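Hi,

Here is the structure I promised to pass on to you. Please have a look at it, and you will find my notes just below.

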Amino acid sequence: MGREEQIEERTVVLESIFPDEITDISDTEYRISIKLDLPEEDGEEASEPPTLILYVRYPENYPDEAPILDLSPPQNAASHPHFSVAAEKEQLLKGLEDTIQENLGMPMIFTLVTTLKEEAEQLIAERKEAALKVHEEALLAAEREENKKFHGTPVTPETFMKWREGFLKEMEEKAQREEDERLAELKKAKVKEPVKLTGRQLWERGLVGKVDEGDDDEDIPSEKVEGLKIAA
């Protein structure tokens, strides 16, 4: 009965379902081309859906014994961004084990082809979703980095005091630089800074009242004092 069931499954059932996809290799061995159906998504670059080649060989006691299966890609098959037959072969064949055990004793190749096709399509869908998630996370990270350019440091008492200390120090350093530059210019020009007399020094020298009103409480340059002495 085993051989009769094998012939009936191959020549009647599978031939009617896969007339263009099935090819005999021997009396007990054949291959089936399985083209995956993938949904088209807006904005997605079109790519050729992958095709699997399922090799089937009947052992003597099939269907009471599991068929011998193998997978390969078609020759010169275009690569797919989310699927590789060679890379996924072991996982896909292992995924058929439960289905085989559930169908022992009855022809099962059509069921195995259907299960294999669904698992491969689901695998691609999961890979695409994972890749999309990674892409979206990268876009969000880039957006966060870009937004940082438009947000300053939040003002708190601590940050304000730190800024104030830095600002005052910067102003002191600037004033010192300007003073050093001024003295350097005077030295370069060989001009001494005028010596100023206090109001007390003017009084002691009898110069009080001989200067313009309002100058007696301030420092008076020595050059002005010399002028007063000549006038006196």
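Helix H4 (109-148) lies across E2, E3 and E4, running at about 35° to E2. Here helices (H or I, at least four residues) and strands (E, at least two) are DSSP runs, numbered from the N terminus, and angles run from 0 to 180 degrees between N-to-C directions of axes fitted to C-alpha atoms, for helices over the stretch in contact (heavy atoms within 4.5 Å). H2 lies across E3 and E4, at about 155° to E4.

This is a predicted model, in which local features need pLDDT of at least 70 and side-chain atom pairs count only at pLDDT 80 or more, while totals for chains, interfaces and linings use all residues. Residues are numbered from 1 along each chain as its sequence is written, and side-chain values use heavy atoms, with hydrogens and water left out.

The sheet is open, with four antiparallel strands in the order E1-E2-E3-E4; strands pair if DSSP finds at least two bridges between them. E1 (22-26) and E4 are at the edges with a single partner strand each, so one side of each has no neighbour in the sheet. Twist averages 25° from one strand to the next. Four bridges join E1 to E2, and Thr23 stands opposite Arg31 in E2.

The largest nonpolar core (buried Ala, Val, Leu, Ile, Met, Phe, Trp, Tyr and Cys residues joined through side-chain atoms within 4.5 Å; buried means under 20% relative accessible area, 1.4 Å probe, protein chains only) has 27 residues. H4 gives the most to this core, seven residues. Among the members touching the most others is Leu116, and Leu116 touches Ile34, Leu52, Leu54, Leu71, Leu92 and Leu96, leaving aside residues up to four places away in sequence.

Best wishes

Notes: Buried means under 20% relative accessible area, exposed over 50%, partly exposed in between (1.4 Å probe, protein chains only).
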